[in-house]
Amino acid sequence: MADSAAMAASTHPVAEVLRRRRAEGSLPRARRDGHRVALVIEGGGMRGVVSAGMTAAIERLGLTDCFDVVVGSSAGALNGAGLLGGVAASGPGVYCGPLASRRFINPLRLLVGRPALDVRYVLDHASSNLDPNRHDRTIESLIDFACVAVDVETAQPRTFSGMRTKDELWAVLLASARMPLIGGAPVRIDGRRYIDGALAAGIPLPAALEQGATHVLVLQTRPYGVPRSTGSRVGDVLIERHLQRLNPALLDLWRERIPSYERLVDDIRRRSLHPEAEGPHVLGLRPPEGTPVVRQIERRPAVLAEASEAAERLVEDALGGPPGEELRVQATG
């Protein structure tokens with residue numbers, strides 16, 4: 001990264017607010033600075049291991065309470081729930097272990113009409129470091145939590161927030177992560193059908209701004225210089241047929257997803273390098289150029305572990321140091 005980009009990021013307004021809040025021990029719903037700081041988490045199937053590593057570092061660095069709202073879509077929503085549930089440190093291990101198994105990912109299930117990805121398995125999973133009570137802590141957190149899913153009937157994104165029960169939380173998380181075709185049938189909430197939020201909001205920055213955020217830290221999972229790409233031609237055709245059956249209007253979202261994503265990435269990069277005086281202020285963190293890209297259905301534990309470890313180091317380098325110390329921040333550039 002160019003020295004000028006690093007210098008610009010070191011004084012970025014988002015970095016300054018995080019630095020100040022951590023130093024002061026500022027707590028949610030007891031702020032003095034008048035800001036609303038959001039954490040936005042990108043999804044991407046198993047590429048969520050990257051944002052899992054990032055949220056693990058945020059938790060370890062004591063930065064969780066510096067945020068007022070966490071917004072995620074798809075795997076980013078699952079990782080956001082883990083952060084608010086106090087189990088972000090266990091997230092990378094879950095991706096590298098249980099989620100790298102055929103119990104979670106098995107494309108052969110499509111042949112018998114079952115989803116290839118079983119997200120309910122993620123929500124049900126428990127271990128010594130990932131207790132069932134984490135969902136209650138997510139709901140009870142003083143930090144607002146918002147998830148983005150796509151309404152099948154309107155072909156528009158919808159932001160869910162204010163979940164009050166475990167069942168409500170699970171329904172929203174399932175909807176946000178219900179990838180077209182391989183994830184199974186749409187999730188019904190209050191009589192309406194919803195699918196993967198990443199279809200319209202792979203990086204749900206607009207939802208955070210609609211939530212009134214004045215400062216936003218964006219965790220991006222694709223390395224710098226790696227554009228969003230299509231899958232195999234056969235896979236794309238099958239997904240288009242699936243969306244056509246659900247609602248033909250969804251095809252426009254599907255076909256526009258790459259250019260709209262790239263426009264948003266360019267906007268995040270611009271805001272990161274050249275923050276506007278009035279805000280809202282946006283700072284993006286993403287793996288550097290040359291970092292290996294994790295596939296949506298990656299199952300190799302070594303690849304997943306390497307990606308999560310690199311992501312943790314990225315956030316530690318960017319936001320680490322004891323309270324009050326100057327943050328060493330690298331913006332996307």
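Residues are classed as buried under 20% relative accessible area, as exposed over 50%, and as partly exposed in between, with a 1.4 Å probe and protein chains only. By this scale Gly290 is exposed, with a relative accessible area of 69%. The structure is a predicted model, in which local features need pLDDT of at least 70, side-chain atom pairs count only at pLDDT 80 or more, and totals for chains, interfaces and linings use all residues. Residues are numbered from 1 along each chain as its sequence is written, and side-chain values use heavy atoms, with hydrogens and water left out.

Helices (H or I, at least four residues) and strands (E, at least two) are DSSP runs numbered from the N terminus. Gly290 lies in the loop between β8 and α13. The C-alpha atoms of Gly290 and Tyr224 are separated by 7.9 Å. Along the chain, these two residues are 66 residues apart.

Helix α3 (residues 48–60) is mostly covered. Of its 13 residues, 11 are buried. These are Gly48, Val49, Val50, Ser51, Ala52, Gly53, Met54, Thr55, Ala56, Ala57 and Ile58. The expected span of a helix is 1.5 Å times one less than its number of residues. For α3 that gives 18 Å, and its end C-alpha atoms are 18 Å apart, which agrees. Just after α3, Gly62 takes a positive phi of about 75 degrees.

The surroundings of α3 are described by contacts (heavy atoms within 4.5 Å). Its buried residues pack against β1 (37–41), α4 (75–84), α5 (91–96), β7 (215–219), β8 and α13. Packing geometry rests on axes, which are lines fitted to C-alpha atoms, for helices over the stretch in contact; angles run from 0 to 180 degrees between N-to-C directions. Angles under 35 degrees count as roughly parallel, over 145 as roughly antiparallel, 65 to 115 as roughly perpendicular and the rest as oblique.

Against α4, the angle is about 20 degrees and the axes of α3 and α4 are 9 Å apart. This makes α3 roughly parallel to α4. The crossing of α3 and α4 is right-handed (the near helix is turned clockwise from the far one by less than a right angle; anticlockwise would be left-handed). On the α3 side, Gly48, Ser51, Ala52, Thr55, Ile58 and Glu59 take part. They meet Ala75, Asn79, Gly82 and Leu83 in α4. An α-helix has 3.6 residues a turn, so residues three or four places apart point the same way.

Helix α13 (residues 301–319) packs on α3 at an angle of about 40 degrees. The axes of α3 and α13 are 7 Å apart. The two helices are therefore oblique to each other. Their crossing is right-handed. The α3 residues in this interface are Val49, Val50, Gly53, Met54, Ala56, Ala57, Ile58 and Arg60. Their partners in α13 are Leu304, Ala307, Ser308, Ala311, Glu312, Leu314, Val315 and Glu316.

Helix α12 (residues 250–273) has 24 residues. Its expected span is 34 Å, and its end C-alpha atoms are 34 Å apart, which agrees. A kink of about 55 degrees lies at Arg257, shortly before the proline Pro259. The bend at a residue is the angle between axes fitted to the seven residues ending there and the seven starting there. Helix α11 (residues 233–246) packs on α12 at about 150 degrees, with their axes 8 Å apart. The pair is therefore roughly antiparallel. In α11, Asp236, Ile239, Glu240, Leu243, Gln244 and Leu246 meet Leu250, Leu251, Trp254, Arg255 and Arg257 in α12.

Several loops hold backbone features. A cis peptide bond joins Gly279 and Pro280, with omega about 0 degrees. Pro280 lies in the loop between α12 and β8 (281–285). Ala155 has a positive phi of about 55 degrees although it is not a glycine. This residue lies in the loop between β3 (144–151) and β4 (156–161). Ala155 is buried, at 5% relative accessible area. Leu181, also not a glycine, has a positive phi of about 70 degrees. Leu181 is found in the loop between α8 (166–176) and β5 (187–189). At 25% relative accessibility, Leu181 counts as partly exposed.

Arg137 is found in helix α7 (residues 134–140). At 32% relative accessibility, Arg137 counts as partly exposed. Leaving aside neighbours within four places in sequence, Arg137 is in contact with Leu84, Gly85, Val87 and Asp131. The C-alpha atoms of Arg137 and Arg193 are separated by 27 Å.
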